[in-house]
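Q: Please take a close look at one part of this model, its largest pocket, and then set that part in the context of the fold around it. I would like the reasoning spelled out where a cut-off decides how a residue is described.

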Amino acid sequence: FVALSYCAGDPSDTVPVLIDGQEFNTFRPLGTALRSLLWSMGRGDASWELEDTLFFWADQICINQSDSAEKASQVRMMCRVYEACAWAYGWLG
C-alpha cells in the first residue's frame, strides 16, 4: 500500500474524492495529493510498477475522525503504518 503524508491545512477547505464509488470530502491538500499521485501513476512512470489494485492509506480517510479514542489509538500506531507501506508519499504542496 501507499501511505500518504500531508499537511491538513484549513479544515473548512475541502474537496470531494471518490472512494469505492462514494463521495468523501477531504482536506484540500489530501485531495490534491491523491489526484497528483494518481495522475503520476497513470502516466506510466517507470518507477511505479503497479498491480491491478493499489491501496492508499491516509489518516483522514482511514481513521474515524469523529472518534477521539480511535484517533488517539491510531496516531500511536502511525509509525508502523509508514514502516509497513511499500511506498510513503509526502505531499508538501
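A: A cut-off is needed at the outset: a residue counts as buried when its relative accessible area is under 20%, as exposed when that area is over 50%, and as partly exposed in between. The model is a predicted one, and every description below should be read with that in mind.

The largest pocket has a volume of about 370 Å³. It is lined by 15 residues, of which Leu18, Ile19, Leu34, Phe56 and Ile61 are the closest to its centre. The lining divides into 12 nonpolar residues, 1 polar residue and 2 charged residues. Four elements each supply at least two residues to this lining, namely strand E2 (14-19), helix H1 (28-42), strand E4 (56-57) and helix H2 (59-62). Among the contributors, H1 gives the most, with 4 residues.

Two residues help to describe the elements that form this lining. Asp20 is found in the loop between E2 and strand E3 (22-27). Its relative accessible area is 78%, so Asp20 is exposed. The backbone there also deserves a look, since phi of Asp20 is near 50°, a positive value in a residue other than glycine. As background, most residues other than glycine have a negative phi. The second residue, Arg28, belongs to helix H1. With a relative accessible area of 37%, Arg28 falls between the two cut-offs and is therefore partly exposed. Leaving aside residues up to four places away in sequence, Arg28 touches Asp13, Thr14 and Val15. Arg28 and Asp10 are 18 residues apart in sequence, while their C-alpha atoms are 8.1 Å apart in space.

From the pocket one can move to the sheet, because E4, which supplies part of the lining, is also an edge strand with a single partner. The sheet is open, has 3 strands in the order E4-E1-E5, and shows parallel pairing. E4 and strand E5 (87-91) stand at its edges, each with a single partner strand, so one side of each is left without a neighbour in the sheet. Strand E1 (residues 2-6) is joined to E5 by 5 bridges, and to E4 by 2 bridges. Particular pairs can be picked out in the structure: Ala3 stands opposite Trp57 in E4, Leu4 has Tyr89 of E5 as its bridge partner, and Ser5 is partnered by Gly90, also in E5. E1 is mostly covered, with 4 of its 5 residues buried.

Two helices lie across these strands. H1, the helix that gives the most to the pocket lining, lies across E1, E4 and E5 and runs at about 125° to E5. Helix H3 (residues 68-84) likewise lies across E1, E4 and E5, running at about 125° to E1.

Taken as a whole, the protein has 3 helices and 5 strands, which follow one another along the sequence in the pattern β-β-β-α-β-α-α-β. Buried residues make up 27% of its 93 residues. Among contacts between residues at least 6 apart in sequence, 55% join residues at least 24 apart. To return to the part you asked about, the lining of the largest pocket draws at least two residues from each of E2, H1, E4 and H2, and nonpolar residues account for 12 of those that make up the lining.

Note on methods
Residues are numbered from 1 along each chain as its sequence is written. This is a predicted model: local features need pLDDT of at least 70, side-chain atom pairs count only at pLDDT 80 or more; totals for chains, interfaces and linings use all residues. Side-chain values use heavy atoms; hydrogens and water are left out. On a 1 Å grid over the protein atoms alone, a cavity is a set of points where a 1.4 Å probe fits but cannot get out, and a pocket is an open set with protein on both sides within 12 Å along at least five of seven lines; lining residues have an atom within 4 Å of a point. Grid points are joined across faces, edges and corners, and a volume is the space filled by probe spheres set on the points. Ala, Val, Leu, Ile, Met, Phe, Trp, Tyr, Cys and Pro count as nonpolar, Asp, Glu, Lys and Arg as charged, and the others, Gly among them, as polar. Two strands pair if DSSP finds at least two bridges between them. Contact means heavy atoms within 4.5 Å. Axes are lines fitted to C-alpha atoms, for helices over the stretch in contact, and angles run from 0 to 180 degrees between N-to-C directions. Buried means under 20% relative accessible area, exposed over 50%, partly exposed in between (1.4 Å probe, protein chains only).
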